[in-house]
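This briefing goes through one protein chain by topic. Please keep the sequence and the structure in view while reading.

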Amino acid sequence: MTAEQTSLPRSIPIFPLNGALLLPGGMLPLNIFEPRYVAMVEDAMKGDKIIGMIQPKPEQMSCGTPFVQSIGCAGEIARCEHTNDGRYLIVLAGRSRFKVADEMAPLRGYRRIKAEWLSEPEVPFSLNRKRLMPALKNFLSDRGVECDWSAADNCPDDKLLTTLAMICPFTPPEQQALLEAPDAAARSELLTALLEIACPDCAHRH
(Lines give C-alpha, C1' and ligand atoms only; values in the text may rest on other atoms or scores of the structure.)
Protein backbone atom coordinates (compact mmCIF):
# COMPACT_ATOMS: atom_id res chain seq x y z
CA MET A 1 0.00 0.00 0.00
CA THR A 2 1.32 3.43 -0.94
CA ALA A 3 1.60 6.36 1.45
CA GLU A 4 -1.35 8.00 -0.34
CA GLN A 5 -3.47 4.89 0.13
CA THR A 6 -2.83 4.81 3.89
CA SER A 7 -4.62 8.18 4.06
CA LEU A 8 -7.74 6.74 2.43
CA PRO A 9 -10.66 5.72 4.66
CA ARG A 10 -11.40 2.09 5.47
CA SER A 11 -15.11 2.47 4.71
CA ILE A 12 -16.48 4.44 1.75
CA PRO A 13 -19.81 5.15 0.06
CA ILE A 14 -20.26 3.54 -3.33
CA PHE A 15 -22.04 4.79 -6.44
CA PRO A 16 -23.02 1.80 -8.61
CA LEU A 17 -23.26 3.19 -12.13
CA ASN A 18 -23.41 1.10 -15.27
CA GLY A 19 -21.14 2.22 -18.10
CA ALA A 20 -19.07 4.69 -16.06
CA LEU A 21 -15.35 4.06 -15.63
CA LEU A 22 -13.02 5.87 -13.24
CA LEU A 23 -9.30 5.06 -13.13
CA PRO A 24 -6.55 6.38 -10.83
CA GLY A 25 -5.36 9.69 -12.26
CA GLY A 26 -8.54 10.18 -14.29
CA MET A 27 -11.27 12.83 -13.94
CA LEU A 28 -14.95 11.82 -14.06
CA PRO A 29 -17.75 14.43 -14.24
CA LEU A 30 -21.07 13.34 -12.75
CA ASN A 31 -24.58 14.81 -12.59
CA ILE A 32 -26.06 13.78 -9.21
CA PHE A 33 -29.84 14.06 -8.88
CA GLU A 34 -31.24 10.97 -7.10
CA PRO A 35 -32.03 11.91 -3.46
CA ARG A 36 -29.88 9.12 -1.98
CA TYR A 37 -26.87 10.15 -4.04
CA VAL A 38 -27.45 13.83 -3.29
CA ALA A 39 -27.25 12.77 0.38
CA MET A 40 -24.08 10.78 -0.41
CA VAL A 41 -22.38 13.82 -1.95
CA GLU A 42 -23.42 16.04 0.96
CA ASP A 43 -22.02 13.55 3.48
CA ALA A 44 -18.81 13.11 1.47
CA MET A 45 -18.28 16.87 1.29
CA LYS A 46 -18.55 17.06 5.09
CA GLY A 47 -15.96 14.29 5.43
CA ASP A 48 -13.07 13.00 3.34
CA LYS A 49 -14.72 13.71 -0.06
CA ILE A 50 -14.16 10.09 -1.17
CA ILE A 51 -16.73 8.20 -3.28
CA GLY A 52 -16.25 4.73 -4.73
CA MET A 53 -17.35 4.22 -8.33
CA ILE A 54 -18.34 0.63 -9.11
CA GLN A 55 -20.27 -1.22 -11.81
CA PRO A 56 -23.47 -3.06 -10.88
CA LYS A 57 -23.89 -6.66 -11.97
CA PRO A 58 -26.95 -7.76 -13.97
CA GLU A 59 -27.94 -10.11 -11.13
CA GLN A 60 -30.02 -8.73 -8.27
CA MET A 61 -30.44 -9.61 -4.62
CA SER A 62 -33.83 -10.82 -3.39
CA CYS A 63 -34.65 -7.23 -2.37
CA GLY A 64 -34.11 -6.05 -5.95
CA THR A 65 -30.80 -4.29 -5.28
CA PRO A 66 -28.14 -5.24 -7.83
CA PHE A 67 -24.99 -7.02 -6.81
CA VAL A 68 -21.84 -5.04 -7.60
CA GLN A 69 -18.50 -6.01 -9.09
CA SER A 70 -15.75 -6.91 -6.64
CA ILE A 71 -13.40 -4.16 -7.86
CA GLY A 72 -14.05 -0.43 -8.25
CA CYS A 73 -12.14 2.84 -8.13
CA ALA A 74 -12.43 5.58 -5.52
CA GLY A 75 -12.33 9.22 -6.41
CA GLU A 76 -12.02 12.42 -4.42
CA ILE A 77 -14.51 15.20 -5.13
CA ALA A 78 -12.33 17.79 -6.87
CA ARG A 79 -15.18 20.09 -7.88
CA CYS A 80 -18.72 20.39 -6.56
CA GLU A 81 -21.47 22.73 -7.76
CA HIS A 82 -24.97 22.82 -6.24
CA THR A 83 -27.60 23.74 -8.86
CA ASN A 84 -30.80 25.70 -8.32
CA ASP A 85 -32.90 22.58 -8.87
CA GLY A 86 -31.13 20.61 -6.13
CA ARG A 87 -28.64 18.60 -8.18
CA TYR A 88 -24.90 18.37 -7.67
CA LEU A 89 -22.47 18.65 -10.57
CA ILE A 90 -19.26 17.05 -9.34
CA VAL A 91 -15.92 15.95 -10.73
CA LEU A 92 -14.20 12.94 -9.18
CA ALA A 93 -10.42 12.71 -9.32
CA GLY A 94 -9.43 9.03 -9.41
CA ARG A 95 -7.33 8.10 -6.36
CA SER A 96 -7.08 4.31 -6.01
CA ARG A 97 -8.68 1.05 -7.08
CA PHE A 98 -10.29 -1.00 -4.34
CA LYS A 99 -11.67 -4.46 -3.68
CA VAL A 100 -14.97 -4.82 -1.85
CA ALA A 101 -14.08 -6.49 1.44
CA ASP A 102 -17.58 -6.27 2.93
CA GLU A 103 -20.81 -4.35 2.44
CA MET A 104 -22.13 -2.31 5.34
CA ALA A 105 -25.62 -1.15 6.24
CA PRO A 106 -26.87 1.65 3.97
CA LEU A 107 -26.77 5.24 5.21
CA ARG A 108 -29.44 7.73 4.11
CA GLY A 109 -30.30 5.36 1.27
CA TYR A 110 -26.83 4.97 -0.27
CA ARG A 111 -24.63 1.91 -0.04
CA ARG A 112 -21.33 1.68 1.83
CA ILE A 113 -18.51 -0.84 1.81
CA LYS A 114 -15.31 -1.69 3.59
CA ALA A 115 -12.55 -1.22 1.03
CA GLU A 116 -9.34 -3.13 0.55
CA TRP A 117 -7.07 -0.73 -1.33
CA LEU A 118 -5.27 -2.17 -4.36
CA SER A 119 -1.77 -1.07 -5.27
CA GLU A 120 -0.85 0.20 -8.74
CA PRO A 121 2.51 -1.43 -9.55
CA GLU A 122 5.09 0.96 -11.00
CA VAL A 123 5.76 -1.09 -14.12
CA PRO A 124 7.63 0.64 -16.98
CA PHE A 125 5.46 0.75 -20.07
CA SER A 126 5.03 2.67 -23.29
CA LEU A 127 2.02 2.84 -25.54
CA ASN A 128 2.54 1.15 -28.89
CA ARG A 129 1.20 4.16 -30.76
CA LYS A 130 1.86 2.60 -34.18
CA ARG A 131 -0.76 -0.01 -33.29
CA LEU A 132 -2.95 2.16 -31.09
CA MET A 133 -3.51 5.29 -33.16
CA PRO A 134 -4.78 3.71 -36.43
CA ALA A 135 -7.16 1.51 -34.43
CA LEU A 136 -8.30 4.49 -32.33
CA LYS A 137 -8.91 6.68 -35.40
CA ASN A 138 -11.10 4.07 -37.04
CA PHE A 139 -12.88 3.21 -33.78
CA LEU A 140 -13.85 6.87 -33.26
CA SER A 141 -14.55 7.53 -36.94
CA ASP A 142 -16.96 4.60 -37.11
CA ARG A 143 -18.85 6.12 -34.16
CA GLY A 144 -18.82 9.70 -35.44
CA VAL A 145 -16.63 10.91 -32.55
CA GLU A 146 -14.31 13.88 -33.11
CA CYS A 147 -10.85 13.97 -31.53
CA ASP A 148 -8.10 16.56 -31.13
CA TRP A 149 -5.34 14.44 -32.65
CA SER A 150 -2.56 16.97 -32.02
CA ALA A 151 -3.43 16.95 -28.31
CA ALA A 152 -3.44 13.14 -28.32
CA ASP A 153 -0.05 13.05 -30.06
CA ASN A 154 1.45 15.35 -27.42
CA CYS A 155 -0.20 13.65 -24.43
CA PRO A 156 2.08 11.57 -22.15
CA ASP A 157 1.54 7.81 -22.40
CA ASP A 158 0.10 7.35 -18.91
CA LYS A 159 -2.38 10.21 -19.24
CA LEU A 160 -3.44 9.17 -22.75
CA LEU A 161 -3.97 5.59 -21.62
CA THR A 162 -6.18 6.63 -18.70
CA THR A 163 -8.15 9.16 -20.75
CA LEU A 164 -8.83 6.78 -23.66
CA ALA A 165 -9.82 3.91 -21.39
CA MET A 166 -12.34 6.18 -19.65
CA ILE A 167 -13.86 8.05 -22.61
CA CYS A 168 -14.01 5.40 -25.35
CA PRO A 169 -17.53 3.91 -25.56
CA PHE A 170 -16.64 0.39 -24.47
CA THR A 171 -19.19 -2.03 -23.04
CA PRO A 172 -19.46 -2.34 -19.23
CA PRO A 173 -17.66 -5.75 -19.25
CA GLU A 174 -14.84 -4.22 -21.33
CA GLN A 175 -14.65 -1.25 -18.96
CA GLN A 176 -14.47 -3.63 -16.01
CA ALA A 177 -11.65 -5.57 -17.67
CA LEU A 178 -9.70 -2.32 -18.17
CA LEU A 179 -10.24 -1.42 -14.51
CA GLU A 180 -9.10 -4.85 -13.33
CA ALA A 181 -5.93 -4.87 -15.47
CA PRO A 182 -3.12 -5.34 -12.91
CA ASP A 183 -0.87 -2.56 -14.22
CA ALA A 184 -0.50 0.10 -16.91
CA ALA A 185 1.32 -2.24 -19.30
CA ALA A 186 -1.52 -4.79 -19.19
CA ARG A 187 -4.14 -2.03 -19.48
CA SER A 188 -2.32 -0.58 -22.49
CA GLU A 189 -2.25 -3.95 -24.26
CA LEU A 190 -5.93 -4.59 -23.49
CA LEU A 191 -7.00 -1.11 -24.65
CA THR A 192 -5.20 -1.56 -27.98
CA ALA A 193 -6.66 -5.05 -28.43
CA LEU A 194 -10.22 -3.82 -27.72
CA LEU A 195 -9.85 -1.07 -30.33
CA GLU A 196 -8.47 -3.51 -32.90
CA ILE A 197 -11.22 -6.07 -32.23
CA ALA A 198 -13.85 -3.34 -32.69
CA CYS A 199 -12.30 -2.34 -36.04
CA PRO A 200 -10.92 -5.54 -37.55
CA ASP A 201 -10.30 -3.90 -40.92
CA CYS A 202 -8.01 -1.16 -39.51
CA ALA A 203 -4.97 -2.69 -41.10
CA HIS A 204 -6.60 -2.51 -44.52
CA ARG A 205 -7.42 1.18 -44.20
CA HIS A 206 -3.86 2.29 -43.37
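**Methionine 61 and the chain around it**

Beyond the residues within four places in sequence, methionine 61 has contacts with Pro66, Phe67, Glu103 and Arg111. Methionine 61 sits in the loop that connects β4 (56-60) and β5 (66-68). Its relative accessible area is 26%, so methionine 61 counts as partly exposed. The model is a predicted one.

**Overall form**

- The chain contains eight helices and eight strands.
- The radius of gyration of the chain is 18 Å, which agrees with the value near 17 Å for a compact globule of 206 residues.
- The C-alpha trace spans about 55 × 40 × 35 Å along its principal axes.
- Of the 206 residues in the chain, 42% are buried.
- Taking contacts between residues at least 6 apart in sequence, 68% of them join residues at least 24 apart.

**Strand β1 and its partners**

- Five of the six residues of strand β1 (residues 11-16) are buried, leaving the strand mostly covered.
- β1 runs antiparallel to strand β8 (residues 110-117), and four bridges join the two.
- Within this pairing, lysine 114 of β8 is the residue opposite serine 11.
- β1 also pairs with strand β3 (residues 50-54), here in the parallel sense and over three bridges.
- Isoleucine 54 in β3 is the bridge partner of proline 16.
- In a regular strand, side chains alternate between the two faces of the sheet.

**Aspartate 183**

- Aspartate 183 is found in the loop between α6 (172-180) and α7 (184-198).
- Which side chain of opposite charge is nearest to aspartate 183? It is that of arginine 187, 7.8 Å away; aspartate 183 is buried yet has no salt bridge.
- The side chain of aspartate 183 does reach the backbone nitrogen of alanine 186, at 2.8 Å.
- Not counting residues up to four places away in sequence, aspartate 183 touches Pro121 and Val123.

**Salt bridges**

- The count of salt bridges comes to eleven.
- One of them joins the side chains of arginine 108 and glutamate 42, at 3.6 Å from N to O. This pair links distant parts of the chain, 66 residues apart: arginine 108 is in the loop between β7 (88-107) and β8, and glutamate 42 is in helix α2 (residues 35-46).
- Arginine 108 is partly exposed at 47% relative accessibility, and glutamate 42 is partly exposed at 25%.
- Glutamate 76 and arginine 95 form another salt bridge, with their closest N and O atoms 2.6 Å apart. Because glutamate 76 lies in strand β6 (residues 71-82) and arginine 95 in strand β7, the pair ties together parts that are 19 residues apart in sequence.
- Glutamate 76 has a relative accessible area of 28% and is therefore partly exposed.
- A salt bridge also connects glutamate 196 with arginine 131, where the closest N and O atoms are 2.8 Å apart. Here too the pair links distant parts of the chain, with glutamate 196 in helix α7 and arginine 131 in helix α3 (residues 129-142), 65 residues apart.
- Glutamate 196 has a relative accessible area of 29% and is partly exposed; arginine 131, at 28% relative accessibility, is partly exposed.
- Glu42, Asp43 and Arg108 are joined into one network by salt bridges that share partners.

Definitions and conventions: Residues numbered from 1 in each chain as written. Predicted model: local features only at pLDDT ≥ 70, side-chain atom pairs only at ≥ 80, totals over all residues. Heavy atoms only, no water. Buried < 20%, exposed > 50% of the residue type's maximum accessible area, 1.4 Å probe, protein only. Contact = heavy atoms within 4.5 Å. Pairing = 2+ DSSP bridges. Lys, Arg positive; Asp, Glu negative; His and termini not counted. Salt bridge = Lys/Arg side-chain N within 4 Å of Asp/Glu carboxyl O. Polar contact = N/O pair within 3.5 Å; in protein donor to acceptor, adjacent residues only side chain to side chain. Rg over C-alpha atoms; globule rule 2.2 N^0.38 Å.
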